[in-house]
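Welcome! Here are some short exercises to help you find your way around a new structure, each with a worked solution.

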Amino acid sequence: MDWKSTEQASMERHAPNHSSSTSSSIPATENTVWADASPLLETVCKELRDGELIHGENFNLYAAMSALEIMDPKMDSGIINKYASVDEAIEDGLAPVPISHDKTVDVQCIIDIIDQLLACEATWHKGHSLAQTVFSCAYLLRPERTLSHALLDSYCKVIRATCKAVTSIVSDARTHEEEDLFTMAYGLPLNVEGDEKCLSLLNAVEENISRQLRACKAPPSKRKPLEDIEPLQNNFDLEEGYCKALLCRLRFRKHFCHVLTCMRRPQGRGLELARKHIASCISELGSILNSAEFLMSNAYGTCEDGTEDRTTASGRQAIGFDANLNSRISAPTPPRSIKILSWKKAIEYFEKLLHHLDIICSYLLDPSLDVLLRFVAQFQKAQPDLVARVHLQLLLVQDGKLYGRYPILAVIIRAARLPEVIMRHDIQKNEYVVQLGQMVINMLKVLCTNAAWQRRKLGKILQDWRAIYVQLELAYRKEFGEGSSISNGENASAGILKHILIWVEEQTYWIAHRFLVLGFELELYSPSEYCMVYWYLYVVLIRLAEKTHLKMTVSDGSAKQKGKKRKDSPKDLAREARIPPAISFLQCQICLAEGLALLLAALRNELMVLQSPSPFNSEHERFIQHFEPLQKACIPDLISYPSFKESTSHARFSSLVMYNYFKDAQKIAKEVKSSFLNDPDRLAELCILEQVAEHNSVALNVISRVGALDPSSLKVSFEFIHHPCFATVAVKRS
């Protein structure tokens, strides 16, 4: 009898007085029968207007709000269980030890279990429950059962130790988001006696299999008698293949454990050694992938349908797993089973994770905050997962210090371009300066979260940065007189506060810039809103460039005074007139942002393009929704929706062509590239900005020529094919 006929018979037994052709995995009762409501819902969706609700005699709004919602498996309340307990599952033969008395079959099954655990571990890292992923393996839940099987026991021990280490790392960093179920252990056996010796046991098993591999590869004349080295399994022709398949899996697990241990060493002392283990992990992952062909060709029994979704290299279902095993044991565990990542996707996940960890380990731990912020922003562009971001945060902030080495006040003094002797000044005891240090630590932690969480937090801390600036400025004026200005400072304390105030304002605008850029990465802006976004980005970039340049000027002025030069030479004056490369880099972005804002405004004003009024909110309301955190913090001052409308309402293509902002951006990018030869990341971005500027300059000329003759024939779109923030204008004739 096939599955459908079995299911239909079950339905008939539970509902004898009803007839139904619908198959369901949920059994009916004497008073109910399940039916497919999809056609009804599709029909209703077509007829419902905005604001209307379905209201039935036995189902109203109150009932709908009280109902259980079926959605993501992480949150769902549905439950179907085969076993009431782990012991019942084991009695039913779920996790036999040994798996088979045929040693070849036993080895094949062990490899399948290892592969399935890898897929479960990757799924856990992606945010699913530990109880439904890694600990859906019954062998992990009953450690005493595997003691008689050295290979299985050592691997289960190292898996538990790895899970414990990763859980500890994430808990310590506290950057896991509210939607992650990452650190919840549900009372699972993570702390089993003897697991601390897991690597020594794994090494012993690895050495034994290595001897078996050497024995089977040796020529017959040199091969040791069989009684000296017991083979891994019974088929000599398959011995080498199975030995290699097992060894690469065991070695990957060993090196991955070492990676986690080395990266936890204080002050980044284990980063160099961690890189060596990461390289070994990546090499072993390649060997694991290469073993798939051998394992599939020698697989026993039936394999899973489709190679894309299989969770083992051989394609067989691994023994000893049940996704619902813990649903009744641990109350917080989401009961509905989840879809485990495929074996290939798990390999890809670990390759990506190791690549990101290698980037972290290769960072030189520069004490410069500017360099660090650029590194973190660049690192986040690769969209690292939680485990990699956690390791980055724990590296950056240790014991309230940067990398556990540099006091935060020293980092601030360096960022404000003050001499290090200031560390001996009483300014470090100022309550606002101490508070500023804590805000820097908080900012670094926020920058290590995922993009959505990071943007929300940055929007909140903007007000804190603005408030600390106001408090420092008031303290400055109170101590040195009401008439004091930021540009005047006669004694050491005044000079220090002046530098710190300028740096705080610069850093505030950097956070605002980061907040706006993340909106593009998260696709929060619609094309009809690009005009206001680029206009606001332009204003923030202008202020950021001003504050950065002011910081450099004040710092250079202080250094010059200390030098006591009697007269400035023409060479010195020329050097001072030259714009610093960091400012030119910002100017290139300013030109692009202003050009895009005015181009979009001109499209709306002249060609009536991208005018899509929302039925739910006005343009003014959307302006407030997007920029409310910046507006509350008065970043920048006197910037509002009316000022945006005033700046863009008169934009015309005739004036845009006369003063082409894109050509300016292209020119700046070309000129400044030579200054960043030692900074490959910023050099690469400059090349991309130059490319975007060149494309947009051509597009502007096409729109101005063709649009004036036949506006309806133009189709203008904005694509992020080169840069994640600055759009490339695409023009087509309809």
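**Exercise 1.** Find out why cysteine 257 forms no disulfide with its closest cysteine.

*Solution.* Start with the cut-off: a disulfide is a pair of cysteine sulfur atoms within 2.5 Å. Next, take the distance: the sulfur of cysteine 257 has its closest cysteine sulfur in cysteine 198, 5.4 Å away, which is too far for a bond. Cysteine 257 is also buried, at 8% relative accessible area; buried means under 20%, exposed over 50% and partly exposed in between, with a 1.4 Å probe and protein chains only.

Before going on, note that this is a predicted model, in which local features need pLDDT of at least 70 and side-chain atom pairs count only at pLDDT 80 or more, while totals for chains, interfaces and linings use all residues. Residues are numbered from 1 along each chain as its sequence is written, and side-chain values use heavy atoms, leaving out hydrogens and water.

**Exercise 2.** Repeat the check for cysteine 591, then say how many disulfides the structure holds.

*Solution.* For cysteine 591, the closest cysteine sulfur belongs to cysteine 588 and lies 7.0 Å away, too far for a bond. Cysteine 591 counts as buried, with 12% relative accessibility. The count for the structure is zero disulfides.

**Exercise 3.** Describe helix α8 and what covers its buried residues.

*Solution.* Helices are DSSP runs of H or I with at least four residues, strands are runs of E with at least two, and both are numbered from the N terminus. Helix α8 covers residues 198-217, 20 residues in total. From first to last C-alpha, α8 reaches 29 Å, close to the expected 28 Å; the expected span is 1.5 Å times one less than the number of residues. Its buried residues include Cys198, Leu202 and Val205. Among the elements covering the buried residues of α8 are α7 (150-173) and α9 (236-263).

**Exercise 4.** Which kind of aromatic pair do phenylalanine 520 and phenylalanine 720 form?

*Solution.* Rings of Phe, Tyr and Trp (its six-membered ring) pair if their centres lie within 6.5 Å; planes under 30 degrees apart are stacked, over 60 edge-to-face, and the rest tilted. The structure holds 28 such pairs. In one, phenylalanine 520 and tyrosine 530 have ring centres 6.3 Å apart and planes at 40°, so that pair is tilted. For phenylalanine 520 and phenylalanine 720, the centres are 5.7 Å apart and the planes at 55°, so this pair is tilted. Phenylalanine 520 is buried at 8%, whereas phenylalanine 720 is partly exposed at 31%.

Technical notes
Contact means heavy atoms within 4.5 Å.
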